[in-house]
Every structure is written in C-alpha cells, then in structure tokens.
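User: I am new to reading protein structures and would like some guidance. Could you take a close look at one part with me, and explain how its pieces are arranged around each other?

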Amino acid sequence: MQLNIAGKPQFIDRLSIDNGGEHLRHGIAGLQHHTVWGTLVAGPFLTTEETGERVEMLRDTVAEDGAENRIAVTAMNGLIVARYIGDSANQGREHFVRLWQKIRPCLLHRPACPPRIWAT
C-alpha cells in the first residue's frame, strides 16, 4: 500500500506474508501467531503539534478500550498510523471504527456518521 500526497509518497507499507513467511507469522517482530492484522491511516495534519495531539487522543481511546496490546498508534510524515494485530477481524474493525469516529471530526470538521459503503 502506498499513500501519496501532492505526488510524493508519504506512507509505504510493504508487508507481504506468503507461505514462506513463517518468521513473520510466528516471530516476535511479526504477527506473533496471530491471524489478523490491519492498518488505519489518517491525515494529513497541518502541524507536528496537531498530529501529536491527535496521536495522544487516539492512544487514550485505545487505552479506554483496553486494546493496548492489540493496537499501536504513531505519527509519520503528518499522518497518523494505527496498526491492529489479533485474531478477530470483527474486533479489529470495531477498534478502527472507534478510532475513525474520534479522528474524522478533527480532520474534516464533520460528524462521524458511518459511510454508506459500510452497510454493504
């Protein structure tokens, strides 16, 4: 996955796990025997301070949900990147929806109403 802003790559995720990727599926620096992973990318934010404030807000949300051992939130090139690792796609989606509900009003100044595509 690659996200470009103004024609320049800002986020590149080259994770590829295939049949030969046992060390990635089972290793401590990989999926640690989990079967589901996902990435949420939000932004861009205008300032480093604004990005940092949003990262802290989302980390607080992760802590409220008790998901510290399943979700990590960080900043990268004015973007916020949240990564999930676990064994339930539904649980991962629920966590990402909650983060999205917090971040959408900050980015777009609009309420976080579910997109129609989510109903399909």
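Analyst: Let's begin with how directions are compared: an axis is a line fitted to C-alpha atoms, and the angle between two N-to-C directions runs from 0 to 180 degrees. Please keep in mind that this is a predicted model. With that settled, we can look at the sheet and the helices that pack on it.

The sheet is an open one, made of three strands in the order β3-β5-β4, with antiparallel pairing. Its edge strands are β3 (36-42) and β4 (71-76), each of which pairs on one side only. Going from one strand to the next, the twist averages 15°. To see the pairing in detail, follow β3 and β5 (residues 79-86): seven bridges link these two strands in the antiparallel sense. One place to look is V41, whose bridge partner in β5 is V81.

Now for the helices. Helix α2 lies across β4 and β5, and its direction makes about 180° with that of β4. Helix α3 also packs on the sheet, where it touches β3, β4 and β5. The angle between the directions of α3 and β5 is about 165°.

A single residue can help you picture this packing. A82 belongs to strand β5. Is A82 buried or exposed? Its relative accessibility is 0%, so A82 counts as buried. Apart from neighbours within four places in sequence, the contacts of A82 are G38, T39, L40, A72, V73, F96 and L99. For a sense of scale, try finding T61 as well: A82 and T61 are 21 residues apart in sequence, and their C-alpha atoms are 12 Å apart in space.

Next, how do the two helices meet each other? Packed helices in general are described by the angle between their axes and the distance between those axes. Here α2 and α3 pack at about 155°, and their axes are 10 Å apart. That angle makes α2 roughly antiparallel to α3, because angles over 145 degrees are counted that way. The crossing of α2 past α3 is right-handed. On the α2 side, the residues that meet α3 are R54, M57, L58, T61, V62 and E64. Their counterparts in α3 are R98, L99, K102, I103 and C106. Notice L99, which is also among the contacts of A82.

Charged side chains add another layer to this picture. Side chains of opposite charge can pair when their charged atoms come close. The cut-off used for a salt bridge is 4 Å, from a side-chain nitrogen of Lys or Arg to a carboxyl oxygen of Asp or Glu. By this rule there are six salt bridges. One of them joins E64 and R98, with their closest N and O atoms 3.0 Å apart. E64 lies in helix α2 and R98 in helix α3 (residues 89-108), so this pair ties together parts that are 34 residues apart in sequence. E64 counts as exposed, at 56% relative accessibility, while R98 is partly exposed, at 26%. Elsewhere, salt bridges that share partners join E50, E53 and R54 into one network.

What does that network look like up close? E50 and R54 meet through their side chains in a salt bridge of 4.0 Å, N to O. These two residues are four apart in helix α2 (residues 48-64), which means that about one helical turn separates them. R54 also forms a salt bridge with E53, at 3.7 Å, N to O. R54 is buried, with a relative accessible area of 18%, whereas E53 is partly exposed, at 40%.

Finally, look at the chain between the sheet and the first of our two helices. Most peptide bonds are trans. The bond joining G43 and P44, however, is a cis peptide bond, with omega about 5°. P44 sits in the loop between β3 and α2.

To retrace the picture, start at the sheet in the order β3-β5-β4, add α2 lying across β4 and β5, and then find the salt bridge between E64 and R98.

Conventions. Residues are numbered from 1 along each chain as its sequence is written. This is a predicted model: local features need pLDDT of at least 70, side-chain atom pairs count only at pLDDT 80 or more; totals for chains, interfaces and linings use all residues. Side-chain values use heavy atoms; hydrogens and water are left out. Buried means under 20% relative accessible area, exposed over 50%, partly exposed in between (1.4 Å probe, protein chains only). Angles under 35 degrees count as roughly parallel, over 145 as roughly antiparallel, 65 to 115 as roughly perpendicular and the rest as oblique. A crossing is left-handed if the near helix is turned anticlockwise from the far one by less than a right angle, and right-handed if clockwise. Contact means heavy atoms within 4.5 Å. Two strands pair if DSSP finds at least two bridges between them.
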